[in-house]
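Please look over the model shown here before reading on. The points below are meant for a first pass, one topic at a time.

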Amino acid sequence: MDDTLDADIRRIATAEADGMRLLVRRQSKPGGPWFPVSELLESDGAPAVLLARTGGGGSVPGEHIRAEWLFESYARVLGELGTAFLLSTGRLPALTPPNLLMASRGGLIAGVALRSGSMSRPPPGAGGDGSPADSLRESLIGLIGPFAAWFDRHGLRPEKTLWKSAADRIAEAALWAGRAFEAPEAARTLAVELLGPAGPLHIPLETVIDPRGAQRHRRVTCCLAYRAAGGSLCFACPLNR
């Protein structure tokens, strides 16, 4: 199983769309830029350290803007990891805090590592039919909830807004994975399965075609990029209709 998982990781790490790849690897121990996700979620000081390192080019945006960017970078990496696995292999590794390391760059989350070959199992009492999408949704909720609560508790961003931001990023991640693995329709179906059911990650999936002909998710929240110096509204921003 470990050899198969390593091959899956290599395939995902080399997949590319929009000039972007997911930094993903197998690594059992933290070191260098790699830190345990359990530490990020359980230590009140760990998110603050990353937030202090988060900048925006020449000028440093306000703390609430940097908080949004940090949170969304976390949700994006998790979303890309999970959706890439399901679209390319049909399987899902164990996405739990003890089994994950993350790497930061400039304070933002830049990569993810699996610490073991453990695979995901359908969660007990899952509301859906025990499908891989149900397992991924439950894993994402467990990973995102404590991080969203930290920002809300420190008065940086409302938890309700962050759940919607996370869902936006997961939708974008699924569509990115669909382009990377040449499975756009399967990616759209997966996004609907992940975000359609009632729960904290529920949002409508509305897609638009960008100037390059790629399918994009029309976000329900704003990432606040336009609030930074030299920033502008994103193509799929809800404020850019």
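1. Start with Phe-35, which stands opposite Met-102 in E3. This is a predicted model, so read each point with that in mind. In the same pairing of E2 and E3, Pro-36 stands opposite Leu-101. Three bridges join E2 to strand E3, and the two run antiparallel. Strand E3 spans residues 100-105.

2. Now place that pair in its sheet. The sheet is open and has four strands. Their order is E1-E4-E3-E2, and the pairing is mixed. Which strands form the edges? They are E1 (23-26) and E2 (34-36), and each pairs on one side only. Neighbouring strands are turned by 35° against each other on average, direction ignored.

3. Helix H1 (residues 2-14) packs on this sheet. Helix H1 touches E1 and strand E4 (108-114). The direction of H1 makes about 165° with that of E1.

4. Look next at E3 and E4. They pair in the antiparallel sense over six bridges. Ala-103 stands opposite Gly-111 in E4. Arg-105 stands opposite Leu-108 in E4. The two strands form a hairpin with two residues between them. Gly-106 lies in the turn and has a positive phi of about 65°.

5. How many residues of E3 are buried? Five of its six residues are, so E3 is largely enclosed by the rest of the structure. Strand E4 is mostly covered as well, with six of its seven residues buried.

6. On its other side, E4 meets E1. E1 and E4 pair in the parallel sense over four bridges. Arg-25 lies in strand E1, and its bridge partner in E4 is Ala-113. Arg-25 counts as partly exposed because its relative accessibility is 35%, and partly exposed covers values between 20% and 50%. Residues up to four places away in sequence aside, Arg-25 touches Ile-9, Trp-34, Val-112, Ala-113 and Leu-114. Arg-25 and Leu-101 are 76 residues apart in sequence. In space they are 9.5 Å apart, C-alpha to C-alpha.

7. Next, the largest pocket. About 790 Å³ of space lies in it. Its lining has 28 residues. Which of them lie nearest the centre? They are Met-20, Arg-76, Arg-169, Glu-172 and Arg-216. Four elements give two or more residues to the lining: helix H4 (63-89), E4, helix H6 (159-180) and strand E6 (215-217). Helix H6 gives the most, with six residues. The lining residues divide into 14 nonpolar, three polar and 11 charged.

8. Another arginine deserves a look. Arg-137 lies in helix H5 (residues 132-153). Is Arg-137 buried or exposed? Arg-137 counts as buried because its relative accessibility is 9%, and buried means under 20%. Neighbours within four places in sequence aside, Arg-137 is in contact with Glu-193, Leu-194, Pro-197 and Leu-201.

9. Two backbone angles are worth checking. Most residues other than glycine have a negative phi. Asp-18 has a positive phi near 60°, and this residue is not a glycine. Asp-18 lies in the loop between H1 and E1. At 29% relative accessibility, Asp-18 counts as partly exposed.

10. The second angle belongs to Glu-182. Its phi is positive, about 55°, although Glu-182 is not a glycine. Where is Glu-182 placed? Glu-182 is in the loop between H6 and helix H7 (184-195). Glu-182 is exposed because its relative accessible area is 74%, and exposed means over 50%.

Technical notes:
Residues are numbered from 1 along each chain as its sequence is written. This is a predicted model: local features need pLDDT of at least 70, side-chain atom pairs count only at pLDDT 80 or more; totals for chains, interfaces and linings use all residues. Side-chain values use heavy atoms; hydrogens and water are left out. Two strands pair if DSSP finds at least two bridges between them. Axes are lines fitted to C-alpha atoms, for helices over the stretch in contact, and angles run from 0 to 180 degrees between N-to-C directions. Contact means heavy atoms within 4.5 Å. Buried means under 20% relative accessible area, exposed over 50%, partly exposed in between (1.4 Å probe, protein chains only). On a 1 Å grid over the protein atoms alone, a cavity is a set of points where a 1.4 Å probe fits but cannot get out, and a pocket is an open set with protein on both sides within 12 Å along at least five of seven lines; lining residues have an atom within 4 Å of a point. Grid points are joined across faces, edges and corners, and a volume is the space filled by probe spheres set on the points. Ala, Val, Leu, Ile, Met, Phe, Trp, Tyr, Cys and Pro count as nonpolar, Asp, Glu, Lys and Arg as charged, and the others, Gly among them, as polar.
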